[in-house]
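Here are some friendly notes to read alongside the model. Please keep the structure open as you go through the points.

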Amino acid sequence: MAFHFNYLHHHELAQTLRKLYPKSRQILTIHYLSWIFDLGGNVNEFRRIVEERIIHDKDEQAIYDEYLKDKDFFHSVDKVVVLCKDTWNILTDMYHLPVDKVKLIYNGMKDRYTAISEKEKSLIREKYGFKETDQLILY
């Protein structure tokens with residue numbers, strides 16, 4: 001049995017499932033790290049907070065506390081999947097995960113937008129069997 005988590009706040013759920021199913025495998029996919037938004041992506045500031053433990057205010061303390069929780073979660077699962085090399089580097093360098101525990105699987109979709117005409121949209125809908133009135137939600 002395997003459990004796949006996609007959300008960092010599922011740590012307690014993972015712990016409970018580990019107790020109920022001790023022989024199960026647990027995989028965590030990391031789509032983003034919260035501190036990236038808080039620090040505007042500044043890896044050097046993050047390094048200062050977590051490695052040098054130079055904390056100036058309650059926001060930085062919250063980042064450090066979350067780092068500790070996330071680090072515990074990362075180490076508790078069997079594998080961690082990341083979507084880019086930068087995240088792989090951060091996890092192996094600053095969260096001290098063994099390289100064989102972190103698997104880099106690039107996102108299957110390109111991160112770009114291409115505008116298409118209404119005619120092209122209709123052809124695509126027809127190709128995949130969707131009506132003009134069908135609403136599509138992609139996740």
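1. A word on terms to begin with: two strands count as paired if DSSP finds at least two bridges between them. Please also keep in mind that this is a predicted model. Strands S1 and S2 pair in the parallel sense, over four bridges. One place to look is Phe5, whose bridge partner in S2 is Leu28.

2. Stay with S1 for a moment and look at its side chains. In a regular strand the side chains alternate between the two faces of the sheet. S1 shows such an alternation, with Phe3 and Phe5 pointing to one face and Ala2 and His4 to the other. Phe3 and Phe5 are buried, while Ala2 and His4 are not.

3. Next comes the interior. The largest nonpolar core has 28 residues, and Phe46, Phe74, Leu91 and Tyr95 are those that touch the most other members. At least two residues of this core come from each of strand S1 (2-5), helix H1 (11-20), strand S2 (25-30), helix H3 (43-50), helix H4 (58-76), strand S3 (79-82) and helix H5 (85-93). H4 supplies the largest share, five residues.

4. Leu91 is a good residue to click on. Not counting residues up to four places away in sequence, Leu91 touches Ile30, Phe74, Val80, Val82, His96, Leu97 and Val102. Leu91 is also one of the buried residues of H5, which are Thr87, Trp88, Ile90, Leu91 and Thr92. The buried residues of H5 pack against S2, H2, H3, H4, S3 and strand S4 (102-104).

5. Trp88, also in helix H5, deserves its own look. Is Trp88 buried or exposed? The cut-off for buried is under 20% relative accessible area, so Trp88 counts as buried at 17%. With residues up to four places away in sequence left out, Trp88 touches Val82, Val99, Val102 and Leu104. Trp88 and Ile105 are 17 residues apart along the chain, and their C-alpha atoms are separated by 10.0 Å.

6. Glu60 may catch your eye as well. This residue sits in helix H4 and is buried, because its relative accessible area of 11% falls under the 20% cut-off. Which residues is Glu60 in contact with, leaving aside its neighbours within four places in sequence? They are Glu45, Arg48, Ile49, Ile54 and Ile55.

7. There is also some enclosed space to find. The structure holds one cavity of 30 Å³ or more, and the largest cavity has a volume of about 40 Å³. Its lining is made up of Ser34, Trp35, Ile63, Glu66, Tyr67 and Asp70. Helix H2 (34-38) and H4 are the elements that give two or more residues to this lining, and H4 gives the most, with four. By class, the lining has three nonpolar, one polar and two charged residues.

8. Finally, please visit a loop. Gly108 lies in the one between S4 and helix H6 (118-128). Exposed means over 50% relative accessible area, so Gly108 counts as exposed at 78%. Gly108 and Leu83 are 25 residues apart along the chain, while their C-alpha atoms are separated by 9.3 Å.

Conventions
Residues numbered from 1 in each chain as written. Predicted model: local features only at pLDDT ≥ 70, side-chain atom pairs only at ≥ 80, totals over all residues. Heavy atoms only, no water. Core = buried A, V, L, I, M, F, W, Y, C linked by side-chain atoms within 4.5 Å. Buried < 20%, exposed > 50% of the residue type's maximum accessible area, 1.4 Å probe, protein only. Contact = heavy atoms within 4.5 Å. 1 Å grid on protein atoms, 1.4 Å probe; cavity = no way out; pocket = protein on both sides within 12 Å on 5 of 7 lines; lining within 4 Å. Points joined across faces, edges and corners; volume = space filled by probe spheres on them. Nonpolar A, V, L, I, M, F, W, Y, C, P; charged D, E, K, R; others polar.
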